[in-house]
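These exercises go through one protein structure in steps, each with a task and a worked solution. Please keep the sequence and the model in view while working through them.

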Amino acid sequence: MSPTEGTPVSRLSRRSLLTGAAATAALSLGGGLGTGSAHAAAAFVKGADISWASQMEANGYIWRNRDGVQQDLLTILKSYGITAIRLRTFVNPSDDPHDGHCSIEETAAMALRVKNAGMQVMISYIFGDTWNSVGRQVPPAAWASMTYSQLREEMAQYVYHSMNVLKYHRVSPTWVAIGNETNSGVCKPVGSVSSPAQMAGLLMAAHAQVKYVFPSALTLVHLGQPQNLASVRNFLDAYRNNGGQWDITGLSSYAQGGNVASVLGNMETLQSTYGKPVMQVEYGGPVGKPAQVRSSLSAFITGLKGFGGLGTFFWEPQGYTPFIGGYGSCAWDPTTLRPTAALDGFLDA
């Protein structure tokens, strides 16, 4: 049976969407996570984004543990104290194993594996058919010619549908990121940060449907390059000032060595300024410098714990050549198929 058969995930009417948004507004009055909240005091989350893993497996890749024994990837990651997995989802992806896949059906299947392994799930909406990040926020091809009102409704329908696919698989995400490194906006040009009311409207359509389907899920806005504090604050000010709601400020930082301290300072500033706990949702470093990456990972974890940050996720640590192409910040040795010392940073802090 398809996840969409016999389940409440069909396309819904505008009236239904508005009803869901209204219900969310009622649920979320005064519901933001303050810095001093119980959530901020919860156990620090150590996580990894392993969205490539399914396609790596499909193409014959395996993983060995530190002793050289072939083992399930999730089992290996848990041995490093990793308790949470982040999974991205594209809207209408290609079948390219590196730059495609990650449809909501594929993502839900992996999320179920994660749940069955006793780990928490973060879903990361990319709101594109392939990668979006700080320098690129391209809407899905099917949405490209839509007006703002059409795009807002499509956003709500898509999030409602995809959240219900997860529910059908009996997966309740702990966190949902509404966009990926959205410093410049979402689904540009309609949702550009230079059109802040429209940007906030699109992201709030997503936020509302997440809360409607999973009221206890925590939503993140996700910004990249916290070393550029002005860029992150520009987005957060525009979003907040136009009615934007979120629970956690997610940040990507791949800083190493002497650069870690200043980035941590900016993260703490963002947490205190906006009253939302910070989570580092992406980290990584040069695969050929595992000692450096280990030390920097440990420094991030220690620093974030120090001011009440919520967690750190390593981005695609399980990747290795040739699958990863030119990406050089994973944490697996392609010769031995074992994790590098970089992951020991999770055990050090």
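**Exercise 1. Find how many cavities of 30 Å³ or more the structure holds, and describe the lining of the largest one.**

Solution. The structure holds 2 cavities of 30 Å³ or more, where a cavity is a set of points, on a 1 Å grid over the protein atoms alone, at which a 1.4 Å probe fits but cannot get out. The largest cavity has about 140 Å³ of space, a volume being the space filled by probe spheres set on the points, which are joined across faces, edges and corners.

Next, take the lining, whose residues have an atom within 4 Å of a point. There are 15 lining residues, and those closest to the centre of the largest cavity are Ser51, Ser54, Cys102, Glu106 and Thr107. The elements giving two or more residues to this lining are α2 (53–58), β2 (84–89) and α4 (104–116), and α4 provides the largest share, 3 residues.

This is a predicted model, in which local features need pLDDT of at least 70 and side-chain atom pairs count only at pLDDT 80 or more, while totals for chains, interfaces and linings use all residues. Residues are numbered from 1 along each chain as its sequence is written, and side-chain values use heavy atoms, with hydrogens and water left out.

**Exercise 2. Decide whether Ser252 is buried or exposed, and find what its side chain meets.**

Solution. Begin with the position: Ser252 belongs to strand β6 (residues 248–252), strands being DSSP runs of E with at least two residues, and helices runs of H or I with at least four, numbered from the N terminus. Ser252 counts as buried because its relative accessibility is 4%, the cut-offs being under 20% for buried, over 50% for exposed and in between for partly exposed, with a 1.4 Å probe and protein chains only.

Then turn to the partners: the side chains of Ser252 and His222 are joined by a polar contact of 2.6 Å. (A polar contact is a pair of N or O atoms within 3.5 Å; within protein, one must be able to donate a hydrogen and the other to accept it, and residues adjacent in sequence count only if both atoms are side-chain atoms.)

**Exercise 3. Work out where Arg152 lies and which residues it touches.**

Solution. Arg152 is in helix α5 (residues 148–168) and is partly exposed, with a relative accessible area of 29%. Leaving aside residues up to four places away in sequence, Arg152 touches Gly201, Leu202 and Ala205, contact meaning heavy atoms within 4.5 Å.

Conventions:
On a 1 Å grid over the protein atoms alone, a cavity is a set of points where a 1.4 Å probe fits but cannot get out, and a pocket is an open set with protein on both sides within 12 Å along at least five of seven lines; lining residues have an atom within 4 Å of a point.
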